[in-house]
Amino acid sequence: MSPDLAGVPVHVITVSDRSAAGARPDASGPILVEALVALGAEVTTRIVQDGIDSVRGAIRAAVEAGARAVVTTGGTGLAPRDLTPEATAPLLARPLPGVGERLRAVDAEAVPTAALSRGLAGVTAEGVVVVNVAGSTGAARSAAAVLGAVLPHALAQLAGGDH
């Protein structure tokens, strides 16, 4: 991967009750971090519990800290505490449905149940790209490839770049 995100501040937020409690190591976050660092991004990480308030608060904090992109991993499924999309939706001023659709499509080729992921993508009023990624290592690897292809262009457009 080329350094297409050189110096861009990106926050990776892992959403997991077990990882936040220290009962399980974060497996998907490091995959995303490695890929984003390979693109040249300056990556900050955080692990939070599942839930609307914790996830929304972490995304808001990342935006306030100057992130140009926020990638969450986890909490996109159907379990009762999988509320990452609900936490994210009110923060998005402009949806990017094609990103979420692409993430699901790529993963569903290998794992049909990936179609159940409810992850969102969009842009906040502050111009920050937010993408929800499923919490599996496979989803993180797929997302790394998709984000590497679209995130630099999205951020360039948000900064006034040409199409």
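**Legends: fold overview and salt-bridge close-ups**

The protein has six helices and six strands. The model shown is predicted.

**View 1. Order of the elements and overall dimensions of the protein.** Read from the N terminus, the elements follow the order β-α-α-β-α-β-α-β-α-β-β-α. The C-alpha trace extends over about 40 × 35 × 25 Å along its principal axes. The radius of gyration is 14 Å, which agrees with the value near 15 Å for a compact globule of 163 residues.

**View 2. Packing and surface of the protein.** Of the 163 residues, 44% are buried. Among contacts with a separation of 6 or more, 77% are between residues 24 or more positions apart. The accessible surface amounts to about 7,700 Å², and carbon and sulfur atoms contribute 56% of this area.

**View 3. The annotated span, residues 11-154.** The UniProt record, an unreviewed entry, assigns the feature "domain: MoaB/Mog" to residues 11-154. Helix accounts for 45% of this span and strand for 21%. The C-alpha atoms at the two ends of the span are 16 Å apart.

**View 4. Salt bridge between Arg81 and Asp17.** A search of the whole structure gives two salt bridges, and one of them joins the side chains of Arg81 and Asp17 with an N to O distance of 2.7 Å. Arg81 sits in the loop between β3 (69-73) and α4 (84-88), while Asp17 belongs to helix α1 (residues 17-20). The two residues are 64 residues apart, and the pair links distant parts of the chain. Is each partner buried, exposed or partly exposed? Arg81 is partly exposed at a relative accessible area of 41%, and Asp17 is also partly exposed, at 27%.

**View 5. Salt bridge between Glu86 and Arg118.** The closest N and O atoms of Glu86 and Arg118 are 2.7 Å apart in this salt bridge. Which parts of the chain does the pair tie together? Glu86 lies in helix α4 and Arg118 in the loop between α5 (97-110) and β5 (121-124), so the pair ties together parts 32 residues apart in sequence. Glu86 has a relative accessible area of 31% and is therefore partly exposed. Arg118, with a relative accessible area of 25%, is partly exposed, because the cut-off for buried is under 20%.

Methods. Residues are numbered from 1 along each chain as its sequence is written. This is a predicted model: local features need pLDDT of at least 70, side-chain atom pairs count only at pLDDT 80 or more; totals for chains, interfaces and linings use all residues. Side-chain values use heavy atoms; hydrogens and water are left out. A salt bridge is a side-chain nitrogen of Lys or Arg within 4 Å of a carboxyl oxygen of Asp or Glu. Helices (H or I, at least four residues) and strands (E, at least two) are DSSP runs, numbered from the N terminus. Buried means under 20% relative accessible area, exposed over 50%, partly exposed in between (1.4 Å probe, protein chains only). UniProt positions are given in the numbering used here, feature names are shortened, and annotations may be inferred rather than shown by experiment. The radius of gyration is taken over C-alpha atoms; the globule rule is 2.2 Å times the number of residues to the power 0.38. Contact means heavy atoms within 4.5 Å. Accessible areas come from the Shrake-Rupley method with a 1.4 Å probe; for residues, only the protein chains shown count as cover.
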